[in-house]
Amino acid sequence: MSTEAIPVKPAVLITIISESVLKDRLIKLLKSKGVTGFTVNDVLGEGGHGRRMGDIVGYNTNIEMKSVVSAEVSDDIFQSLAEMENSHALIAFRHDVEVLNN
């Protein structure tokens, strides 16, 4: 095992779970904030807005988006998401993380 320090830097992992209908809008939002990478997955679940089991493709389905960003960018994204939250099924959360910085 090496005694050298691992090259890491602090960052924020944001996770957004929303109705699939918001996918393009969320991608546009992330890109407008300078985000260059993200992951999108189709997901199933149940919560305050009911059951989202994806019974019919494109209807009653959810997505989960994840991206690692700076603290400042996460604040900007959360501010924009707060405006969408009133009209769509959406939840977002974030965690402080360390990113390997090679």
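**Exercise 1. Strand 6 and its edge**

Task: Find which residue in strand 6 is the bridge partner of valine 8. Then classify leucine 100 as buried or exposed.

Solution.
- Step 1. In this predicted model, valine 8 has leucine 100 as its bridge partner in strand 6.
- Step 2. Place the partner. Leucine 100 belongs to strand 6, which covers residues 90–100.
- Step 3. Look at the whole pairing. Strand 1 and strand 6 run antiparallel and are joined by 11 bridges.
- Step 4. Apply the cut-off. Exposed means over 50% relative accessible area. Leucine 100 has 54% relative accessibility, so it counts as exposed.
- Step 5. Check the surroundings. Leucine 100 forms a nonpolar surface patch with Ile6 and Val8. Together, the three have about 300 Å² of accessible area.

**Exercise 2. Order of elements**

Task: State how many helices and strands the protein chain has, and in what order its elements run.

Solution.
- Step 1. Count. The chain has 2 helices and 6 strands.
- Step 2. Read from the N terminus. The order is β-α-β-β-β-β-α-β.
- Step 3. Check the contacts by separation. Take those in the protein chain with a separation of 6 or more; residues 24 or more positions apart account for 76% of them.

**Exercise 3. The partners of strand 5**

Task: Work out which strands pair with strand 5. Then explain why strand 5 is described as largely enclosed.

Solution.
- Step 1. Start with strand 1. It runs antiparallel to strand 5, and 8 bridges join the two.
- Step 2. Pick out single positions. Threonine 15 has lysine 66 of strand 5 as its bridge partner. Serine 18 stands opposite isoleucine 63 of strand 5.
- Step 3. Turn to strand 2, residues 39–43. Strand 2 pairs with strand 5 over 5 bridges, again in the antiparallel sense.
- Step 4. Find the position that recurs. Lysine 66 is also the bridge partner of threonine 39.
- Step 5. Assess burial. Of the 8 residues of strand 5, 6 are buried, so the strand is largely enclosed by the rest of the structure.

**Exercise 4. Threonine 15**

Task: Decide whether threonine 15 is buried or exposed, and list what it touches beyond four places in sequence.

Solution.
- Step 1. Locate it. Threonine 15 is in strand 1.
- Step 2. Use the cut-off: buried means under 20% relative accessible area. Threonine 15 has 1%, so it is buried.
- Step 3. List the contacts. Threonine 15 touches Glu64, Met65 and Lys66. It also touches Ile91, Ala92 and Phe93.
- Step 4. Match contacts to pairing. Lys66 is a contact of threonine 15 and also its bridge partner.

**Exercise 5. The nonpolar core**

Task: Name the residues of the largest nonpolar core that touch the most other members, and the elements that each supply at least two of its residues.

Solution.
- Step 1. The core has 17 residues; Leu26, Met65, Ile77 and Leu81 touch the most other members.
- Step 2. Four elements each supply at least two core residues: strand 1 (8–19), helix 1 (23–32), strand 5 (62–69) and helix 2 (71–85).
- Step 3. Follow one hub. Methionine 65 touches Ile14, Thr15 and Ile16. Its contacts also include Leu26, Ile27 and Leu30, along with Phe38, Thr39 and Val40.
- Step 4. Recall the background. In soluble globular proteins, nonpolar side chains tend to be buried together.
- Step 5. Set this against the whole chain. Of its 102 residues, 29% count as buried. The chain exposes about 7000 Å², with carbon and sulfur atoms supplying 50% of that area.

**Exercise 6. The salt bridge**

Task: Identify which residue forms a salt bridge with arginine 94, and say where the two sit.

Solution.
- Step 1. The partner is aspartate 75; the closest N and O atoms are 2.9 Å apart.
- Step 2. The pair links distant parts of the chain. Arginine 94 is in strand 6 and aspartate 75 in helix 2, 19 residues apart.
- Step 3. Check accessibility. Arginine 94, at 37%, counts as partly exposed. Aspartate 75, at 45%, is partly exposed.
- Step 4. Count. The total comes to 1 salt bridge.

**Exercise 7. Two C-alpha distances**

Task: Give the C-alpha separation of alanine 82 from alanine 92, and of serine 70 from aspartate 96.

Solution.
- Step 1. Alanine 82 is in helix 2 and is partly exposed at 37% relative accessibility. Alanine 82 and alanine 92 are 10 residues apart in sequence and 9.2 Å apart in space.
- Step 2. Serine 70 lies in the loop between strand 5 and helix 2. Its relative accessible area is 29%, so serine 70 is partly exposed. Serine 70 and aspartate 96 are 26 residues apart in sequence and 9.5 Å apart in space.

Notes
Residues are numbered from 1 along each chain as its sequence is written. This is a predicted model: local features need pLDDT of at least 70, side-chain atom pairs count only at pLDDT 80 or more; totals for chains, interfaces and linings use all residues. Side-chain values use heavy atoms; hydrogens and water are left out. A nonpolar core is a set of buried Ala, Val, Leu, Ile, Met, Phe, Trp, Tyr and Cys residues joined through side-chain atoms within 4.5 Å. Buried means under 20% relative accessible area, exposed over 50%, partly exposed in between (1.4 Å probe, protein chains only). Contact means heavy atoms within 4.5 Å. Accessible areas come from the Shrake-Rupley method with a 1.4 Å probe; for residues, only the protein chains shown count as cover. Patches are made of residues with over 30% relative accessible area and no salt bridge: like charges are joined within 9 Å, nonpolar side chains (Val, Leu, Ile, Met, Phe, Trp, Tyr) within 5 Å. A salt bridge is a side-chain nitrogen of Lys or Arg within 4 Å of a carboxyl oxygen of Asp or Glu. Two strands pair if DSSP finds at least two bridges between them.
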